[in-house]
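Q: Please take a close look at one hairpin in this structure. Describe its turn and its strands, and then place it in the rest of the chain.

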Amino acid sequence: MSSNPDKQLRVVIVGAGFCGLTAAIECKLRGMNPVIVEAYPGPSSHGDLLDFVPNAGRVFNSWDDGKVGQAMFDSGVNAAKTMDFYNQDNVLLRKDPWPQGQELKGTFAGHRGEMHRIVYEYAQRIGVEIQAGKKVVDYLDTDVERGVLIQGGEKVLGDVVLACDGPRSLARSKLLHLPESRVNSGYAIFRAFFNVTDEMRKNPYLADLAKDEEDTTIFWVGPDMHGFIYTWNHARDCAWVLTHLDDADIGESWSFPGKKEDVHKYLAKAGFPQVWTEVVNLTPEDRLVDYKLVWRDPLKTWLSESKRSILLGDAAHCHLPTSAQGACMAVEDAAAIAICLEKSKGDVPLALQVFERLRFNRSHVIHQASISTRNIYHKTNWTPEMVEKNPDSLVMPLFDWILDYDIQKDTEEHFNHLAEDVRSGRQGTIEELSLPAGGDYSCMDLKEDEPSSLVRESAPPAIMTSV
Ligand SMILES: Cc1cc2nc3c(=O)[nH]c(=O)nc-3n(C[C@H](O)[C@H](O)[C@H](O)COP(=O)(O)OP(=O)(O)OC[C@H]3O[C@@H](n4cnc5c(N)ncnc54)[C@H](O)[C@@H]3O)c2cc1C
C-alpha cells in the first residue's frame, strides 16, 4: 500500500489508442495524474471503419455532458435504417433494423480516425498529459523504478503502468516475459475509406448505395469471405472491408498498401457481385490497405510479477474483427481500471488483481467468439432457407448480455467483494476467481441436422501457421 493514500496517483499509460485515451481520461476525471506515452506524433488519421456499441458507448456518453458521444455520433453512421445481409449471389438473406433492431443510444460507427481525433482532443481539453512522438523501448517494473524507457534514453516514471500498446505489444515480452506468439488466423482484410466525389456518384452501382438522405450498411457473406460496405455523411463518406484468405503473408500494419488487382482476384474467386467490383474500382489506390488478421492466444494473466503493471485492450486480448467487440472491450478495460485504481486508494496491486477478476471471464468468452463467429459466416452456404432455419446464426453477434452491460456500474458493484477475496487469499484458478462472463454465443450454433456438405471442405482450420 502507498505510504500516503491521498497522494495523487501517477499513472503511466503506453499508447493513445482508444484504450489508453479512455484510461487516461477516466483516471484524470477521478483525480489521478495520468501521462500517456505514444509513438505517433498526434491523433492518427489511419484506419477506416470502426463500430462502438453501447457497452462502450455509454462510457463516451458519460463525458462532458454527452458532448463527446454526440460528436462521435454526428461524425459517423447516424442515418441508417437497416443492415442488409446478402450472399455472394447478391440474394438478400435478411434485413435487420439498424442497429440491432433497437434505438441504441451509444452506438457509434464510422471513420476510426475521426472518432479517435474527437476522443484525443477531449483528453487534451481536460488536461491529460500526452507525450506524443515517443516510442517506448523498455518497461521498468522494479521497486526502484516503475515506468517506461523511451527511445533516446528518457524515462517516464510513476506508481502504476498501464500498457495499452496494442496488438504488437512490447509489454508482453518486457513485462510478462512472454515470447511473441502471433499466429496467422488464415485471413487478412482489404480495407478502404474514401470521400465520395460527384464524379464517383455517376456510377450507377455507387449511386444506388450512396443516398443523400439515408446511410447504407450492407454485409455480404460467401465462401471464405465476408465484407461490409458503409456510406454515410450524406453519402460523402464510404468505407468497405473485405475479409479474405491470407495466402500472401502480408505485414501486420494499418498502412500496408493493398493492390486492386488482388482484391479483384479474391472477389472473382468468391463470386462476389458486380457492386463490389465497381466500388473497388472507384476506390483511390492510396486509400487501400491490406491488414493481416493475426491471432494471439488468450493470456493466463495480464499482470506483471510486481502486480503494479498491467496489459489492457488489444495488448491483453487481440480480437479478430468478427467478435465485433475488440475496441469495446478495450474501452471496458480502461473504464474498469480507473475505478479499481480509485477505489483501492493507492493499493495498486489490489486494484490490478481486482481488475483482472472483474474482466477475465467476460473478456475471454468474447475474445474466443471471434473465431467461431467467423467460421459460421464463412463455412456455410448461406441461402434464405438456411437463414430461416438458423435465424440466430447469421447475425452481428451483439447480444443483450454484451450491449446492456454497464462496466462502470459493475465495477462499483463488485469491487468490494472481489477485493475481499484478494485480501483473504481466496484460492482457485483465474476462471474460478473471476466474475462469470454473463452469457455465451451458443444461440448462434447452426442446427445439428444440417447436412455436412454445407460446411466447405476446402476450409482452412481456424488457426493456421505461426508467422
Ligand atoms: C492506426 C490505427 C488504425 C486502426 N484502424 C482500425 C480500423 O479501421 N478498424 C478497426 O476495427 N480497428 C482499427 N484499429 C484497431 C482498433 O482501434 C483497436 O483494435 C481497438 O480500438 C483497441 O485499441 P487499443 O487502444 O487497445 O489498441 P490500439 O488502437 O492498437 O492502440 C495502441 C497504441 O499504442 C501505440 N504504441 C504501440 N507500441 C508503442 C510503443 N512501443 N511506444 C509508444 N506507443 C506505442 C500505438 O501507436 C497505438 O496508438 C486501428 C488501430 C490503429 C493503431
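A: In this predicted model, the hairpin of β13 and β14 has two residues between its strands, and D224 takes a positive phi near 55 degrees there. Seven bridges join β13 to β14 (residues 225-232), and the two strands run antiparallel. Within this pairing, I218 stands opposite I229 of β14.

Strand β13 covers residues 215-222 and is mostly covered, with seven of its eight residues buried. β13 also pairs with strand β4 (residues 80-87): six bridges join them, and here the direction is parallel. In that pairing N87 of β4 stands opposite V221 of β13. β13 thus takes part in an antiparallel pairing with β14 and in a parallel one with β4. In general, the strands of a sheet pair through backbone hydrogen bonds, and either direction is possible. Side chains in a regular strand alternate between the two faces of the sheet.

The chain also holds an open sheet of five strands, in the order β7-β2-β1-β11-β17, with parallel pairing. Its edges are β7 (129-132) and β17 (309-311), each of which pairs on one side only. Direction ignored, neighbouring strands of this sheet are turned by 20 degrees against each other on average. Inside the sheet, four bridges join β1 (residues 10-14) to β11 (residues 160-163), and these strands run parallel. V12 has V161 of β11 as its bridge partner.

The ligand comes next. Its shell consists of 32 residues, and the closest are G15, G17, G47, G166 and G313. The elements that give two or more residues to this shell are α1 (18-29), β2 (33-38), β3 (49-52) and α10 (326-343). One of them, β2, is also a strand of the five-stranded open sheet. By class, the shell has 17 nonpolar, nine polar and six charged residues.

Two helices add some local detail. In α3 (residues 67-75), the buried residues are V68, G69, A71, M72, F73 and S75. These buried residues pack against α2 (54-61), β6 (108-111) and α4 (112-125). The other helix is α14 (residues 407-424), which contains H414. H414 is partly exposed because 15 other C-beta atoms lie within 10 Å, where 20 or more would make a residue buried and 12 or fewer exposed. Apart from neighbours within four places in sequence, H414 is in contact with L358 and L435. The C-alpha atoms of H414 and F355 are separated by 10.0 Å, although the two residues are 59 apart along the chain.

For the protein chain as a whole, the secondary structure comes to 15 helices and 17 strands. Its C-alpha trace spans about 70 × 50 × 40 Å along the principal axes. The radius of gyration is 22 Å, which agrees with a compact globule, because a value near 23 Å would be expected for one of 467 residues. Of these 467 residues, 48% count as buried. Among contacts between residues at least 6 apart in sequence, 76% join residues at least 24 apart.

Technical notes. Residues are numbered from 1 along each chain as its sequence is written. This is a predicted model: local features need pLDDT of at least 70, side-chain atom pairs count only at pLDDT 80 or more; totals for chains, interfaces and linings use all residues. A residue is near a molecule or strand if its C-beta atom, placed from the backbone, lies within 6 Å of it. Ala, Val, Leu, Ile, Met, Phe, Trp, Tyr, Cys and Pro count as nonpolar, Asp, Glu, Lys and Arg as charged, and the others, Gly among them, as polar. Two strands pair if DSSP finds at least two bridges between them. Axes are lines fitted to C-alpha atoms, for helices over the stretch in contact, and angles run from 0 to 180 degrees between N-to-C directions. Two residues are in contact if their C-beta atoms, placed from the backbone, lie within 7 Å. The radius of gyration is taken over C-alpha atoms; the globule rule is 2.2 Å times the number of residues to the power 0.38.
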